[in-house]
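Subject: A structure for you to look at

Dear colleague,

I am passing on the structure we talked about, and I would be glad if you opened it beside this message and followed along. My notes on what was found come after it.

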Amino acid sequence: MDDVKQNLANWKEGLFPKIPVGGLFARSPVAHKWKAPFRSMMLREAAFWREQDLMAQSYALYRQGHVLGARILLRGGFETLATMVYLNMLMTDVLDGKLGFHDFSDKTSALLLGTRNNEHMPVAINILTVLSKCDKRYPGIVNIYADLSESAHPNYAGLCVGYSKIDHDEYETVFSNRWMELYGEKHLDGMRLCMGTFHHEFGEVWPELFEALEKWIEENDAELEATEGDA
């Protein structure tokens, strides 16, 4: 079993089946009377479910030789990674005093509940905005995403490059499915990068920040109560 397949199996075993709200109140009744920490946890777990699903499908398509579909799913994986990173950056900003808690709460609502086709729901944050924020922590992620997007769209890379090649000797254009030839060797490297970075943000960065955020809320609860209507 290769390392990507093994990690995907480990991830599937580690998916969280539910969030017991009572357990959150037992951790900190003060911190968890506010909705933002719960939304942070919801975002984390839902992102993990989505990342595992996307990566498992990308791997399956790759093994079947369907590299275009595998790349499109990997693109979604980097979007999900960026959302996880962005959430952690927001929590860091609250702890550092760069972002108000109530503004943080609004952003968690937009990340978790945001949509573009329901006027009664929060407006979704543009994924390119999220990716640009993520790129500050992981320089190059925007370029990786842009490269994957070129494959996803029916433009020069998605049409001409993916399905044709010029034979200059014969003065003709030859059609074939070239995705494995072009990107097959580096696809698993992209998956490793995406999964490894996500695992770090999910399993190492978020738990420490979440615990610090709970303590910060406990220490600042009175001020948060007083300013709740100012958001």
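A residue is called buried here when its relative accessible area is under 20%. By that definition, buried residues make up 42% of the 231 residues in the protein chain; please keep in mind throughout that this is a predicted model.

The overall build comes next. The protein chain holds nine helices and two strands, and, read from the N terminus on, its elements follow the order α-α-α-α-α-α-α-α-β-β-α. Taken along the principal axes, the box that the C-alpha atoms fill is roughly 80 × 40 × 30 Å. The accessible surface comes to about 12,700 Å², and carbon and sulfur atoms account for 54% of that surface. If you look at contacts between residues at least 6 apart in sequence, you will find that 67% of them join residues at least 24 apart.

You may also want to turn the model until you can see its largest pocket, which has a volume of about 410 Å³. This pocket is lined by 17 residues, and those closest to its centre are L43, R50, T83, L111 and I127. The elements that each give two or more residues to this lining are α3 (35-63), α4 (67-95), α5 (101-113) and α6 (127-137), and among the contributors α3 gives the most, with four residues. As for the character of the lining of the largest pocket, its residues divide into ten nonpolar, four polar and three charged.

With best wishes,
A colleague

Definitions and conventions: Residues are numbered from 1 along each chain as its sequence is written. This is a predicted model: local features need pLDDT of at least 70, side-chain atom pairs count only at pLDDT 80 or more; totals for chains, interfaces and linings use all residues. Side-chain values use heavy atoms; hydrogens and water are left out. On a 1 Å grid over the protein atoms alone, a cavity is a set of points where a 1.4 Å probe fits but cannot get out, and a pocket is an open set with protein on both sides within 12 Å along at least five of seven lines; lining residues have an atom within 4 Å of a point. Grid points are joined across faces, edges and corners, and a volume is the space filled by probe spheres set on the points. Ala, Val, Leu, Ile, Met, Phe, Trp, Tyr, Cys and Pro count as nonpolar, Asp, Glu, Lys and Arg as charged, and the others, Gly among them, as polar. Buried means under 20% relative accessible area, exposed over 50%, partly exposed in between (1.4 Å probe, protein chains only). Contact means heavy atoms within 4.5 Å. Accessible areas come from the Shrake-Rupley method with a 1.4 Å probe; for residues, only the protein chains shown count as cover.
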